[in-house]
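Thanks, everyone. Please bring up the model on your screens, and we'll walk through a few spots inside it.

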Amino acid sequence: MPSGASTASGAPARRALTSSTIGSVIEWYDFTIYGTAAALVVNRLFFPQVSSTAGIMAAFATFAAGFLARPLGGFVAGHYGDKVSRKATLVVTLTLMGSATTLIGLLPTHAQIGLWAPALLVFLRLVQGFAVGGEWGGAVLMAVEHAPSGRRGLYGAWPQTGVSAGLLLGTGVFSAVSLLPDERFLAWGWRLPFLASALLATVGLYIRSRISEPESIAQATESGGRSRRPLVDVVRRHPKEVLIAVGARFAEGGNYYIFTVFILTYLSEQLDLSRQVGLTGVMVAAAVDIAVIPLWGALSDRVGRRPVFIGGALFMAAFAGPFFLLVDTRSPVLICLALVVVMAFGHGAVFGPLAAFYAELFPARVRYSGVSIGYQAGSVVLGGFTPMLATSVIVWSDGASWSLMLLVAAGALVAAATMVAAPETFRRSLDAEPGGAVRDGAPDPEAVTTSN
């Protein structure tokens, strides 16, 4: 069993885990339903004046806009989460996300208000990005920092399931409303998944209001060990850890959106299949992903974060070719199988241990800032622009899927190489350094001090 692990247990740990997981599901439901809408409907309602390909690119550009705001959200939330309160920061991010998503469901279209429609859409997408940028770090830290001894990988993996659970919930809702006649779906049916966010956010805020701050953060406050400038401290004192965190994202940060967002457009536009084929495949794969992510996290508690992660990244790289060969058969069964396999053995293995690994990279006093910078900086290019990049390379290769195989494999190999060079962290302590001390024991002049 890893030494130096948190000793939190009992009701506070369970409440923190439940709150983090449910809050994560709600946030990612809100964030990912936009990706589904961008692949299926945004180009037709908000960019009808351009060609089909240009409209798809424009829709994916609005999708990318949310990722541009994620680092800013991570920086701001990390600053206040480290300096003030994890809990209060998470309440704010959930409120912002729920409000922005609901308003997207109320937006007039291009036919009603012209260019104001895409402009307002981009603005609300930026708010979504800001909110989810601050959410991820806080949600996973609440779970990891409350985790019982030797179970940080498992506890950190549960909020990670929120990404796929939100995807499953959102895709399921979109799949249901897409059964409407096309005229009704375009008129009002697409709005329903966004409007449902108001109810989900209300439930999430109630649950989140009942959690407490992690013990390690309370100890940091009592000892005067909180940083005045956590963002500055992270960049100045932990640049290597930040680079490792960014590099580790190459396996799942971009490839996830190829498997769950771009694939919907690829199936409908390139392979001329119905939207239900892609939606069903993504839903089944997301359900399997939810089941396996905690298993990969638990395995990392036993054998370490690096072996699990590197194995998943190498599998993803090796399976890139077979994945698209199966998809190109146009068989709904084989398409579903390809998505299930890559999500279960590739994405699940790299995503399950990631939360605990990130938390273990940084000391408690700047941990929220550290994990947010590392995770969200990678999200800008790797997540937001990947559907656009995938669309570009498929056009460049004249529809040949080998270009997509190379894109997926390259990202996975970069992440594997990063983790080969990274330290193993699963035996590290999460305890806050007394008095704001850095890891080598030298006093930190930037630490907030208290006087009696």
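I'll go from one arginine to the core, then to a second charged site, and finish with the cavities.

A reminder before we start: this is a predicted model.

Start with Arg249. Where does Arg249 sit? Find the loop between helix H13, residues 239–248, and helix H14, residues 255–270. Arg249 is there. Buried or exposed? Arg249 has a relative accessible area of 3%. The cut-off for buried is under 20%, so Arg249 counts as buried.

What does Arg249 touch? Leave out residues up to four places away in sequence. Then the list is Arg70, Gly254, Tyr358, Gly374, Tyr375, Gly378, Ser379 and Leu382. Take Tyr375 from that list. Its backbone oxygen lies 2.9 Å from a polar atom of the Arg249 side chain. Now look at Gln376. Along the chain, Gln376 and Arg249 are 127 residues apart. Their C-alpha atoms are separated by 9.4 Å.

Next, Tyr358, another contact of Arg249. Outside its neighbours within four places in sequence, Tyr358 also contacts Trp136, Ala245, Val246, Ala248, Val371, Gly374 and Tyr375. Tyr358 belongs to the largest nonpolar core, which has 116 residues. Which members touch the most other members? Tyr358 is one of them, along with Val42, Phe46, Phe259, Phe309 and Phe323. Apart from that core lies another, of five residues. Ala13, Leu17, Ala147 and Tyr155 are among them. As background, nonpolar side chains tend to be buried together in soluble globular proteins.

Now the second charged site. Asp233 lies in helix H12, residues 230–237. Its relative accessibility is 1%, so Asp233 counts as buried. What is its partner? The Asp233 side chain makes a polar contact of 3.4 Å with the side chain of Arg365.

Last topic: empty space. How many cavities of 30 Å³ or more are there? The count is three. The largest has a volume of about 70 Å³. Its lining is made of 13 residues. Nearest its centre are Arg249, Glu252, Tyr256, Tyr257 and Tyr375. So we are back at Arg249, which is buried, and at Tyr375, whose backbone oxygen lies 2.9 Å from that arginine's side chain.

Which elements give two or more residues to this lining? Helix H3, 52–83; H14; helix H17, 332–351; and helix H19, 367–384. By class, the lining has seven nonpolar, three polar and three charged residues.

That's my tour. Over to you.

Key:
Residues numbered from 1 in each chain as written. Predicted model: local features only at pLDDT ≥ 70, side-chain atom pairs only at ≥ 80, totals over all residues. Heavy atoms only, no water. Helix = DSSP H or I, 4+ residues; strand = E, 2+ residues; numbered from the N terminus. Buried < 20%, exposed > 50% of the residue type's maximum accessible area, 1.4 Å probe, protein only. Contact = heavy atoms within 4.5 Å. Polar contact = N/O pair within 3.5 Å; in protein donor to acceptor, adjacent residues only side chain to side chain. Core = buried A, V, L, I, M, F, W, Y, C linked by side-chain atoms within 4.5 Å. 1 Å grid on protein atoms, 1.4 Å probe; cavity = no way out; pocket = protein on both sides within 12 Å on 5 of 7 lines; lining within 4 Å. Points joined across faces, edges and corners; volume = space filled by probe spheres on them. Nonpolar A, V, L, I, M, F, W, Y, C, P; charged D, E, K, R; others polar.
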